[in-house]
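I opened the notebook to record what I looked up in this structure. My entries follow the order in which I checked things.

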Amino acid sequence: RSFVGRIVLFIMLAATLWYLWASPGIEADGMAFLAMCPVGLLTVSLWRGTRPNADALHRLALAGAGAAVTTIPVLLYHVLHGSLGAFAHDTLVAGFNETRMPFFGGGAWYLVLAGFGLYNTLLSFDPVMTINGFYWTVLTLAGLANGARLLARIVRRGWHDDLALPAIATFYALVSLYLEGPMYLYYSAGLSIVAVLWQLKPGRLSSVLGSTSAALVAFTAIVFHAGQPFALTGHQTLNGTRLTQFHQQVDGPDRSGFRMSVADRDTYSSIVRLIQQHSQPGDEIFAFPNDAELYFLANRRNPVRYYNSALGLQRPGDLQATIDRLDRATPRVVLFRPADKYNNDASARLIDVVRQRYIKIDTIAGLEVYVPVTQ
């Protein structure tokens, strides 16, 4: 009576296990903190059985209808513009290939974060380090706490529709396995915390403690971590050290729309000013491997369809296609950051070609600026 649901669950479990096996950047601690609960949830659901076939088919139809509403217009657009193949590659292949770059799989970040957080929470006499230790402990363990509580409830009482939000949060937490750095916890920790609170009964001590903890985490995020510059080191991030206070931040360059440190404002203003000196509005410039914000800030066009060369220079022929496009467009300014982690063999060959056709006029904060030899 429930084989349809079992088939769906089996496909989901197989797809999840394949993803975890095939993704080279996932560490063992990430598996334990974030991947164990989704796998366990699917396994338990498969073992316990599912709803009758008619109900399962009805839910599949609803899910399919929702997917069709958002997917069909996108596919139709790409079919009409002849870009369906590029869309499929960018959506299904390019992002996965990116995870094969050397900076993925760099260490057991989440185990370090959890250990660091617990140590400072329990043993530090510095109140700032104590509150930040608690902050990182909660962010690291929120996904595991939500998934474990959800799994225990399903084992004891079975599935109820009011568990939909915690279930979604359990699977969504997998996005934080990408690179496993502290920043990537921000992608999922908020939803995981909400999902934990969702499962707590109002008025009980656990609900009071959970709400208080969530408020403390929000307070810590705003006071110690919001609006910090790129120059912040990993150690300073973990300790909650602020390099820039809110009152020290200034408006960014034109078109930026947000506030930043004086140093960042001056850096971006210098780059944008140099671009504008050597090009006109509507001209094309080329920034690689990964400084796409300069197109908007300088009000200049991108000559290629990708924003990051690590995503755009993957297939045989991508490099030559980019070279041909740059030869036709002759961007008025080319910008290249040699120390960027997204550089690969293709970007190294591309900058060699650029240096044959362009001259370097300046280097600003590690960003090399080139203009055509004839300009």
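**Entry 1: the β5–β6 hairpin**

I began with I364 and found that I364 stands opposite L367 in β6. The model is predicted, so I am reading a computed structure throughout. I then looked at the turn: β5 and β6 form a hairpin with 2 residues between them. One residue in that turn, A365, has a positive phi of about 50°.

How many bridges join β5 to β6? I noted 6 bridges, with β5 (residues 358–364) and β6 running antiparallel. Further along this pair, I found K360 opposite Y370 in β6.

**Entry 2: β6 and its other neighbour**

Next I asked whether β6 is mostly covered or mostly open. Strand β6 spans residues 367–372, and 6 of its 6 residues are buried, so I wrote it down as mostly covered.

I turned to β4, which covers residues 333–336. This strand is joined to β6 by 3 bridges, and the two run antiparallel. I picked out F336, whose bridge partner in β6 is E368.

**Entry 3: β4 from both faces**

I wanted to see which way the side chains of β4 point. In a regular strand, side chains alternate between the two faces of the sheet. In β4, I found V333 and L335 on one side, with V334 and F336 on the other. These four residues are all buried, and both faces of β4 are covered.

I also checked the pairing of β4 with β3. There are 4 bridges between β3 and β4, and these strands run parallel. I noted F288 standing opposite F336 in β4.

**Entry 4: the whole sheet**

What is the order of the strands in the open sheet? I wrote down β3-β4-β6-β5, a sheet of 4 strands with mixed pairing. The edge strands are β3 (285–288) and β5, and each of them pairs on one side only. From one strand to the next, the twist averages 20°.

I then looked for helices packed on the sheet. Helix α12, residues 262–277, packs there and touches β3, β4, β5 and β6. The direction of α12 makes about 155° with that of β5. Helix α16, residues 345–357, also packs on the sheet, touching β3, β4, β5 and β6. The direction of α16 makes about 45° with that of β6.

**Entry 5: helices α6 and α9**

I left the sheet and looked up a pair of helices. Helix α6 (residues 127–157) packs with helix α9 (residues 189–199) at an angle of about 40°, and their axes are 8 Å apart. I recorded α6 as oblique to α9 because of that angle. The crossing of α6 past α9 is left-handed.

Which residues of α6 and α9 meet? From α6 I listed V138, L139, A142, G143, A145, N146, R149 and L150. From α9 I listed A189, S192, I193, A195, V196 and Q199. The residues of this contact divide into 9 nonpolar, 4 polar and 1 charged.

**Entry 6: two single residues**

Is S192 buried or exposed? S192 lies in helix α9. Its relative accessible area is 1%, so I put S192 down as buried, the cut-off for that being under 20%. Not counting residues up to four places away in sequence, S192 touches A142, G143, N146, A169 and A173.

For a second residue I chose D161, which lies in the loop between α6 and α7 (164–172). D161 has a relative accessible area of 47% and is therefore partly exposed. Leaving aside its neighbours within four places in sequence, D161 is in contact with R51 and R59.

**Entry 7: the protein as a whole**

I finished with the overall values. The secondary structure comes to 16 helices and 6 strands. The C-alpha atoms fill a box of roughly 75 × 55 × 30 Å, taken along the principal axes. The protein has 375 residues, of which 42% count as buried.

I also looked up how far apart in sequence the contacting residues are. Among contacts with a separation of 6 or more, 64% are between residues 24 or more positions apart.

Technical notes:
Residues are numbered from 1 along each chain as its sequence is written. This is a predicted model: local features need pLDDT of at least 70, side-chain atom pairs count only at pLDDT 80 or more; totals for chains, interfaces and linings use all residues. Side-chain values use heavy atoms; hydrogens and water are left out. Buried means under 20% relative accessible area, exposed over 50%, partly exposed in between (1.4 Å probe, protein chains only). Two strands pair if DSSP finds at least two bridges between them. Axes are lines fitted to C-alpha atoms, for helices over the stretch in contact, and angles run from 0 to 180 degrees between N-to-C directions. Angles under 35 degrees count as roughly parallel, over 145 as roughly antiparallel, 65 to 115 as roughly perpendicular and the rest as oblique. A crossing is left-handed if the near helix is turned anticlockwise from the far one by less than a right angle, and right-handed if clockwise. Contact means heavy atoms within 4.5 Å. Ala, Val, Leu, Ile, Met, Phe, Trp, Tyr, Cys and Pro count as nonpolar, Asp, Glu, Lys and Arg as charged, and the others, Gly among them, as polar.
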